[in-house]
Amino acid sequence: MIYLYLVSGIFLGWALGANHAANVFGTAVAAKMVRFKTAATLCSVFVILGAVLGGAGTTATLDKLGAVNALPGAFMVTLAAALAVYWMTKLKLPVSTSQAIIGSILGWNLFAGSATDIPSLARIVLSWGAAIVLTATLAAALYSLFRAVLKRTRVRLLVLDAYTRAGLIIVGAFGAYSLGANNIANVMGVFVPVVPFRNIEVAGMFTLTGVHQLFLLGGIAIAVGVFTYSHKVIQTVGNDLLKLSPLAGFIVVLATSLVLFLFSSRGLEGWLLAHGLPAIPLVPISSSQSVIGGIIGIAIVRRGRTVRYRMLGEIALGWLAAPVLAGVITFFGLFVLQNVFGQEVVRRAATVAPAAPAVVPAPLPPPRTTILPAGAPPGLTIDIPRAAPDVRPAERTVP
Amino acid sequence: MSIIHLKQSKIVQAQIDEFLDTISQASLAFRNGIKEYLDGEIGHFEGTIGEMARMENRADELRHSIETQLYKHSLIPEIRGDVLGLLENMDTVINAEKKTLLQFSVEMPVIPAAFGKDYLALADVSVSAAEELVTAVRAFFHDFNMVTNSLHKVYFHEKEADKISDRLKRRIFSSKLDLSHKIHLRYFALHVEDISDHAEDVADRLGISTIKRGF
């Protein structure tokens, strides 16, 4: 039964793989620069590597927003996000898994009566906008740079074709790694506080923790999505919606991959902090919206090409619609799961851990009553400690 | 690095270069052939036709091989159709040159000495259009930024060919020759002029491909 709850995460992972592989290998496959099998294999391997090795950063951010503390609750949170994504996709509205999962977590917070960390939420929402602007800026800069280099260097057409092919494969693999690292939190992040796996010692060389196994499972689900359904999406996205030349596609994927990496790398965050620089928040962002940002960046550099500002409006609408829809589904889903199926969707006693190492009473408040007797010399004070209250303030746990 | 196909790219590039060399050599041979015919060196002229046929066969072989390689290894997929169309149309230039020389050989038109100079000038300017076309197509594969530099020269030579042809035809029809002779001479002026028209058609295609390929 415990493992059955993970099905919703696996489903969301499959949907993510099916829809988002197009963002990293779409141009290469649609333009017939790279064969689908090659792209799918590379994408799967690097998504799994990214998820297992680099997925912790964004997961911690989602955990701050709301720690779903019961497995049935996590199941419903993920299922609601998946359903919201599915429904909005059916309605042909732009939707992001990252935005849907945030709405689901907020729905859980509301149901559980748990407070939402507003600064974390604000940071996440700001990051969505920042990611698009950053991708557009990076794509515009990279495009200008490559155009200038190509004008100065006389690269032959067929050699350039071979280099572009190599570039698309390299940035595609990098993009898949970044996608796995950034978006695994959407798929398996809510299961982390209730991870059902035990640590596994692998040949005495390293330990595969429960969280690693969870991310591995999510990564495999994404990979299955890539192999089973992404070809169709790639053909649609690559040929109908975002037809780009292989070189422009290379720039867009490179910019998107860099931004996904920036928003998920703990190593980079540590390096920035160590050098006194402001750290980039580790937030799951939408790879599809970053791709659109990249295309807008190139369109701005190519003067005369119009930018469809309506598309930006649709993206902004998606920011509102996806979380609201996912939140509403989560709230009602949790209600049904709890009251109809009798599942514990919220662990109420989770704040007092039974196995906590030590419990000490909170310290008494400092003395606050000072009485000065009549005729007392100046400077003399008598402190009378306040009596301990009958009901102790909340106990605190000492780790 | 079979995924990248760098080795195949270099092989195809070498074949494209050889194809363009062949077209260029055939144009020079065409010019020589016309001169030999006008000079009455029929033996040499027939030899040039044989040489021209060999070059045309070689160009066909190269074009088929390039086509196969481009599809087999999925090279330059986004402009493959344009490139193949370009090479096929280049082939029409060499075909037109060979066909014109063959017509001279079969019909043996009697060209009065007064018009010989004009025919040679027409052949020169038509061959120049074809030569500039080869330079433009070579730039398309080697140095993309130089394509437009050669393209406008193709158009210039084509217009020159039109002017010379027009002047030649007026002179022919204002002469005292028989009407049948006049029509025969006009027919050959048209054929020589056709070379530059073919070059212009390919240049149009190349211009569109250049815009499409723009980064």
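**Chain B and its contact with chain A**

From the N terminus on, the elements of chain B run α-α-α-α-α-α. The model is predicted. In total, chain B has six helices and zero strands.

Now look at how chain B is packed. Chain B has 215 residues, and 51% of them are buried. Next, take the contacts in chain B with a separation of 6 or more: 83% of these join residues 24 or more positions apart. On the outside, chain B exposes about 9,700 Å². Carbon and sulfur atoms supply 54% of that exposed area.

Turn to the place where the two chains touch. Here 26 residues of chain B are in contact with 25 residues of chain A. The size of an interface is often given as the accessible area lost when the parts come together. Between chain B and chain A, the buried area is about 2,100 Å². Carbon and sulfur atoms give 67% of this buried area.

Which residues form the salt bridge? A:Arg154 pairs with B:Asp143. Their closest N and O atoms are 3.1 Å apart. The rule finds one salt bridge across this interface. Polar contacts appear as well: six residue pairs across the interface make them, with both residues at pLDDT 80 or more.

Which elements of chain B give two or more residues to the side that touches chain A? They are α1 (6–38), α3 (80–107) and α4 (113–142). Of the elements, α1(B) gives the most, with five residues. By class, this side of chain B has 14 nonpolar, eight polar and four charged residues.

Key. Residues numbered from 1 in each chain as written. Chains lettered and ligands numbered in written order. Predicted model: local features only at pLDDT ≥ 70, side-chain atom pairs only at ≥ 80, totals over all residues. Heavy atoms only, no water. Contact = heavy atoms within 4.5 Å. Buried area = accessible area lost by both parts, 1.4 Å probe. Salt bridge = Lys/Arg side-chain N within 4 Å of Asp/Glu carboxyl O. Polar contact = N/O pair within 3.5 Å; in protein donor to acceptor, adjacent residues only side chain to side chain. Helix = DSSP H or I, 4+ residues; strand = E, 2+ residues; numbered from the N terminus. Nonpolar A, V, L, I, M, F, W, Y, C, P; charged D, E, K, R; others polar. Buried < 20%, exposed > 50% of the residue type's maximum accessible area, 1.4 Å probe, protein only. Areas by Shrake-Rupley, 256 points an atom, 1.4 Å probe, with all protein chains shown as cover.
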